[in-house]
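Visitor: I've never read a protein structure before. Could you walk me through this one?

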Amino acid sequence: MVSTTFNNLSDEKQTKIRRALLKEFSSEPLATAQVAPIVKTAGIARGAFYKYFDDLTDAYKYLYGVAMRDIHSEINNETGGQFQPQFYLDQVKAFVQGARDSEYFGLIKMHLMKNESLISQGSVDPATVTAPEWATMILSHEAIKQIIINPDSQAGVMNHLSDALNLLAGKEHA
């Protein structure tokens with residue numbers, strides 16, 4: 001977890017470090033990423049890096065969390081309490097577009113291609129959501145992954161996702 005020392009840095013210094021992290025983690029999988037290029041780009045001492053983060057995985061989790069918050073901040077997540085396939089299709093489209101338009105695109109693509117299995121993320125307990133909601137989360141994540149990795153697949157992936165979500169909602173092809 002990012003340290004309070006890091007949180008107490010000026011916004012300018014935090015931004016410089018985030019940009020250095022982004023540069024490294026967008027071009028290198030976590031398994032081969034190194035601290036040296038990060039500290040060189042950020043203009044900080046190696047010891048300072050370890051004052052801010054426990055290790056590279058900690059720094060990666062921090063940056064990926066920042067990226068997800070930034071991209072999701074532009075997405076409306078109010079369902080109105082009903083399972084509506086179009087709502088989820090719109091969410092996937094908005095996330096993909098937000099990712100493409102963001103400075104984090106390389107990071108997200110690298111995450112989906114190389115790093116996702118290395119980082120344990122808090123998954124949703126299926127007991128806390130309905131079966132259609134749980135299935136929608138899994139399908140939406142996979143759709144996003146396929147589209148980010150292969151942008152030419154977007155139309156086909158979105159059509160399959162639409163069909164699957166409509167089946168979950170008990171509707172035939174909408």
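Guide: Sure, let's begin where two parts of the chain meet. This is a predicted model, and the area buried between domain 1 and domain 2 is about 1600 Å². Carbon and sulfur atoms give 71% of that area.

Visitor: Which three residues supply more than any other three of the area that domain 1 buries against domain 2?

Guide: Those are Y60, Y64 and I71, which together supply 39% of what domain 1 buries there.

Visitor: Where do the two domains sit along the chain?

Guide: Domain 1 runs over 4-71, and domain 2 over 74-169. Their contact draws 18 residues from domain 1 and 19 residues from domain 2. As for spacing, the C-alpha centres of the two domains lie 26 Å apart.

Visitor: How many salt bridges and polar contacts are there between the domains?

Guide: For salt bridges, we look for a Lys or Arg side-chain nitrogen within 4 Å of an Asp or Glu carboxyl oxygen. Between domain 1 and domain 2 that count is zero. Polar contacts do turn up: five residue pairs, both residues at pLDDT 80 or more.

Visitor: Which helix gives the most to the side of domain 1 that touches domain 2?

Guide: That's α5, with ten residues. Both α2 (11-27) and α5 (56-72) supply at least two residues each to that side. Sorted by character, the residues of this side are twelve nonpolar, three polar and three charged.

Visitor: Now let me step back. How many helices and strands does the chain have?

Guide: Nine helices and zero strands. If you read along the sequence, you simply get α-α-α-α-α-α-α-α-α. For its extent, the C-alpha trace spans about 60 × 35 × 25 Å along its principal axes.

Visitor: And how many salt bridges does a search of the whole structure find?

Guide: Just the one. In this salt bridge the side chains of K145 and E116 meet, at 3.3 Å from N to O. K145 is in helix α8 (residues 131-149), while E116 is in the loop between α7 (105-115) and α8, so the pair ties together parts that are 29 residues apart in sequence.

Visitor: Database records come with labels too. Which residues does the "DNA-binding region" annotation cover?

Guide: In the unreviewed UniProt entry, that annotation covers residues 34-53. A label is one thing and the coordinates another, so let's check the model as well. Over residues 34-53 the chain is 75% helix and 0% strand, with the end C-alpha atoms 13 Å apart.

Visitor: What residues does UniProt list for "domain: HTH tetR-type"?

Guide: The unreviewed entry lists residues 11-71. Over that stretch, the model is 79% helix and 0% strand, and the end C-alpha atoms are 19 Å apart.

Technical notes: Residues are numbered from 1 along each chain as its sequence is written. This is a predicted model: local features need pLDDT of at least 70, side-chain atom pairs count only at pLDDT 80 or more; totals for chains, interfaces and linings use all residues. Side-chain values use heavy atoms; hydrogens and water are left out. Domain bounds come from an automatic or database domain assignment. Contact means heavy atoms within 4.5 Å. Buried area is the accessible area (1.4 Å probe) that two parts lose on being put together, summed over both. A polar contact is a pair of N or O atoms within 3.5 Å; within protein, one must be able to donate a hydrogen and the other to accept it, and residues adjacent in sequence count only if both atoms are side-chain atoms. Helices (H or I, at least four residues) and strands (E, at least two) are DSSP runs, numbered from the N terminus. Ala, Val, Leu, Ile, Met, Phe, Trp, Tyr, Cys and Pro count as nonpolar, Asp, Glu, Lys and Arg as charged, and the others, Gly among them, as polar. UniProt positions are given in the numbering used here, feature names are shortened, and annotations may be inferred rather than shown by experiment.
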